[in-house]
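The account below starts at the ligand and works outward to the space around it, then turns to a few points in the backbone. Keep the model open while reading.

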Amino acid sequence: MKAAQQFASDNNAGICPQAWSILAEANQGHASAYGDDWWTKQAIDRIRGLFEADCEVFFVFNGTAGNALALASLCRPYDAVVCHRLAHIETDECSAPAFFSGGTKLLPGDGADGKLTPAIVEEIVGRRNDVHFPRVRVLSLTQATEAGTIYQPDELLELTARARHHGLFVHLDGARLANAVSTLGCSPRELTVDCGVDVLCFGGTKNGMAVGDAVIFFDRRLADGFARRCKQAGQLASKMRFLAAPWIAMLDDGSWLTHARHANDCAARLEARLQTLPGATILFPRQANTLFVGMADHHLQALKERGWRFYIFPEAGGARFMCSWDTDIAMVDRFADDIEAILTGQDGR
Ligand SMILES: *Cc1c(COP(=O)(O)O)cnc(C)c1O
């Protein structure tokens with residue numbers, strides 16, 4: 001059964017053609033297991049090339065594992081991580097960072113538009129410095145943020161300088177890094193290594209792969225023991241070539257970026273339609289593929305009754321409309337038409 005396109009999540013989209021077709025290619029004959037194969041080595045090389053850095057690269061099944069295991073490798077059980085209150089690690093990972101690190105606490109801050117500021121980091125770091133409270137060890141940022149906004153490189157630099165000043169490592173949740181790269185038009189390196197990021201979780205799944213995110217250690221020493229950490233957590237794929245091969249296809253032909261650009265463009269198109277409508281409030285500046293919109297409950301209900309699927313985030317104050325690599329522009333227009341009909345009282349009911 002073919003279900004209609006929706007605006008619930010970029011994870012509702014399928015596998016992009018590039019990722020799909022290279023799986024068939026990688027499916028020829030035998031290859032060594034657990035990452036000791038040609039495809040995995042090639043994929044790691046491509047990622048090093050993309051970031052222009054001699055980094056350590058690991059492939060895990062999903063972003064939650066990537067984040068939690070990366071944070072666990074930076075923290076002792078009595079440490080803490082500064083993050084935003086809307087951060088995926090705080091709201092959507094079922095305490096996986098605490099679980100895999102053996103107790104690390106998250107210290108959420110509450111900045112505007114889903115972003116932390118140097119002042120917030122200072123406030124959290126300065127709260128306590130006694131044995132009864134965890135030691136702050138990591139600053140975790142998300143790019144693009146969970147609110148669909150983006151940190152400019154100078155904002156990142158200021159934040160990571162604060163982190164350095166206090167001896168914190170910097171973790172970047174880049175589940176939608178491609179969308180941020182597309183918006184900012186800078187190189188992946190400029191947004192990560194050059195901004196002082198130590199460990200990056202780079203999302204492949206939301207960008208069109210079936211499964212698999214990359215954990216990238218720019219500071220190679222921090223990767224010590226990470227392979228075993230993955231294995232222990234059940235995150236070492238035995239048939240690793242099928243996690244790795246899609247990276248080769250999507251980095252080689254640039255589709256990691258064109259997919260992200262397309263998703264961003266679709267969200268921009270939707271935003272342009274909703275901006276002028278009475279009864280719809282754009283909640284955060286739309287800078288990537290996510291649009292948060294405040295609408296009356298009965299209007300959101302009416303939209304759901306028309307068959308549209310999307311999530312409501314009370315903690316963000318509205319509905320989230322998410323575009324993906326395969327979003328059909330005609331669907332964006334139909335969605336906007338329905339919202340307009342509901343908000344202007346012309347929905348015929
Ligand atoms: C989707 C997402 C992840 C990863 O989620 P998984 O479901 O574990 O793959 C991580 N961070 C952010 C910001 C996300 O949106």
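How far is an oxygen atom of the ligand from an N or O atom in the side chain of K206? In this predicted model the distance is 2.6 Å. With the ligand taken alone, 380 Å² of its area is exposed, and the protein buries 83% of that.

K206 is one of the residues around the ligand. The others in that shell are N62, G63, T64, N67, H88, T142, E146, D173, A175 and R176. Two further members of the shell can be described by their polar atoms. G63 uses its backbone: a polar atom there is 2.9 Å from an oxygen atom of the ligand. D173 uses its side chain, in which a polar atom lies 2.6 Å from a nitrogen atom of the ligand.

By residue class, the shell holds 6 polar residues, 4 charged residues and 1 nonpolar residue. By element, its largest share comes from helix α3, which spans residues 63–74 and supplies 3 residues.

The next step is the space that holds the ligand. The ligand sits in the largest pocket, and about 610 Å³ of space lies in that pocket. Its lining is made up of 34 residues. Those nearest the pocket centre are H88, D92, R176, K206 and R320. Among these, H88, R176 and K206 also belong to the residues around the ligand.

Several elements contribute to the pocket lining. Helix α3 supplies at least two residues, as do α4 (88–91), β6 (199–203) and β10 (311–313). The lining divides into 13 polar, 11 nonpolar and 10 charged residues.

Besides open pockets, there is enclosed space to consider. Rolling a probe the size of a water molecule over the atoms shows where empty space is left. A search of the whole structure finds 4 cavities of 30 Å³ or more, and the largest cavity has a volume of about 60 Å³.

Which residues line the largest cavity? They are D10, R176, N179, K206, N207, H259, A260, A263, N289, C323, S324 and W325. R176 and K206 thus appear in the lining of the cavity and also in the shell around the ligand. Helix α12 (residues 255–275) gives the largest share of the cavity lining, with 3 residues. Sorted by class, the cavity lining has 5 polar, 4 nonpolar and 3 charged residues.

The last part concerns the backbone. Most residues other than glycine have a negative phi, and most peptide bonds are trans. Three places in this model can be read against that background.

One is the peptide bond from Q143 to A144, which is cis, with omega near -10°. A144 is placed in the loop between β4 (135–142) and α7 (153–165).

Another is E52, a residue other than glycine with a positive phi, near 50°. E52 lies in the loop that runs between α2 (38–51) and β1 (56–60).

D113 likewise has a positive phi, near 60°. The loop that contains D113 is between β3 (105–109) and α6 (118–126).

Definitions and conventions. Residues numbered from 1 in each chain as written. Predicted model: local features only at pLDDT ≥ 70, side-chain atom pairs only at ≥ 80, totals over all residues. Heavy atoms only, no water. Near = heavy atom within 4 Å. Polar contact = N/O pair within 3.5 Å; in protein donor to acceptor, adjacent residues only side chain to side chain. Areas by Shrake-Rupley, 256 points an atom, 1.4 Å probe, with all protein chains shown as cover. 1 Å grid on protein atoms, 1.4 Å probe; cavity = no way out; pocket = protein on both sides within 12 Å on 5 of 7 lines; lining within 4 Å. Sits in = over half its atoms within 2 Å of the grid points. Helix = DSSP H or I, 4+ residues; strand = E, 2+ residues; numbered from the N terminus. Nonpolar A, V, L, I, M, F, W, Y, C, P; charged D, E, K, R; others polar. Points joined across faces, edges and corners; volume = space filled by probe spheres on them.
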